[in-house]
Amino acid sequence: MFDQEDSELNVVMGVVFGIIALVIAFVIGLGVYQLRGAQTPVAQAEDMFVEVAEVGEPLVKIHFDLGETALPPTAAAQIETVLAALAAAPEAHALLSGYHDETGGAAINAEVAKNRALSVREALLAAGVSAKRVLMRRPAVTLGEGDAAEARRVEVRVQ
């Protein structure tokens, strides 16, 4: 009689431990899936840069304050200029080039220049421009025309 109860108890315990193992495996798998999903935008951010030659003079230059990445208040009119140029040339692309000066760390400056260009990109996308029409070049170091403030800019060319 006790042997039958022991075997039934063993079966129940086996089922309970099996369910616990499945729940743990599911939680671990979900965590790994979310980590992979979190890494995808970083890879896409690196893939957004293109090697396209700049043609002609920039349509607009959006200047930023030291260390700032948010669009300045004066950028709205410049964004409108770019939107009008893109509307007039349906096959053209907006090429964004972020620049920074040589003061501070090179890696931090490059990140700030990239984030400035991303701010301009987001403004164009929010205005209805297709992501395929907005291209970004890698950030570049420049002193502008000898002025460090001139170097903190994003140039937009429609080409």
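1. Contacts along the chain. In this predicted model, 77% of the contacts with a separation of 6 or more are between residues 24 or more positions apart. When you look at the structure, expect to jump between distant parts of the sequence to follow these contacts.

2. Secondary structure. The chain has four helices and five strands. Taken in sequence order, they give the pattern α-β-α-β-α-β-β-α-β.

3. Surface and interior. The chain has 159 residues, and 28% of them are buried. The exposed area is about 10,100 Å², and 62% of that area is supplied by carbon and sulfur atoms.

4. The nonpolar core. The largest nonpolar core holds 20 residues, and Leu96, Val120, Leu124 and Val156 are the ones that touch the most other members. Two or more residues each come from strand 1, helix 2, strand 2, helix 3, strand 3 (residues 134–136) and strand 5. Helix 2 gives the largest share, five residues.

5. Valine 156. This residue shows how one core member is surrounded. Setting aside neighbours within four places in sequence, valine 156 is in contact with Pro58, Leu59, Val60, Val82, Ala94, Leu95, Leu96 and Val120. Val82 is one of the buried residues of helix 2, and Val120 is among the buried residues of helix 3.

6. Helix 2. This helix runs from residue 75 to residue 88, which is 14 residues. From first C-alpha to last it reaches 20 Å, close to the 20 Å expected at 1.5 Å a residue. Its buried residues are Ala75, Ile79, Val82, Leu83 and Leu86. They lie on the same side of helix 2, because they cover an arc of only 100 degrees around the axis. The general background is that an α-helix has 3.6 residues a turn, so residues three or four places apart point the same way. On the face turned away from the buried side, the exposed residues are Ala77, Glu80, Ala87 and Ala88.

7. What covers helix 2. The cover over the buried residues of helix 2 includes strand 1 (60–63), strand 2, helix 3 (106–126) and strand 5 (153–158). These four elements are also among those that give two or more residues to the core.

8. Helix 3. This helix has 21 residues and reaches 30 Å from its first C-alpha to its last, close to the expected 30 Å. Its buried residues include nonpolar ones such as Val112, Val120 and Leu124, but Asn109, Lys114, Arg116, Ser119 and Arg121 are buried as well. Just after helix 3, glycine 128 has a positive phi of about 105 degrees.

9. Serine 97. This residue sits in strand 2, which covers residues 94–100. Serine 97 counts as buried because its relative accessible area is 3%, and the cut-off for buried is under 20%. Its side chain makes a polar contact of 2.7 Å with the side chain of glutamate 54. Not counting residues up to four places away in sequence, serine 97 touches Glu54, Arg137, Arg153, Val154 and Glu155.

10. Arginine 152. Where does arginine 152 lie? It is in the loop between helix 4 (148–151) and strand 5. With a relative accessibility of 15%, arginine 152 counts as buried. The side chains of arginine 152 and aspartate 101 make a polar contact at 3.4 Å. Leaving out residues up to four places away, the residues that arginine 152 touches are Ile62, His63, Phe64, Asp65, Leu66, Tyr99, Asp101 and Arg116. Arg116 is one of the buried residues of helix 3.

Key
Residues are numbered from 1 along each chain as its sequence is written. This is a predicted model: local features need pLDDT of at least 70, side-chain atom pairs count only at pLDDT 80 or more; totals for chains, interfaces and linings use all residues. Side-chain values use heavy atoms; hydrogens and water are left out. Buried means under 20% relative accessible area, exposed over 50%, partly exposed in between (1.4 Å probe, protein chains only). A polar contact is a pair of N or O atoms within 3.5 Å; within protein, one must be able to donate a hydrogen and the other to accept it, and residues adjacent in sequence count only if both atoms are side-chain atoms. Contact means heavy atoms within 4.5 Å. The expected span of a helix is 1.5 Å times one less than its number of residues. The arc is that of the directions from the helix axis to the C-beta atoms. Accessible areas come from the Shrake-Rupley method with a 1.4 Å probe; for residues, only the protein chains shown count as cover. A nonpolar core is a set of buried Ala, Val, Leu, Ile, Met, Phe, Trp, Tyr and Cys residues joined through side-chain atoms within 4.5 Å.
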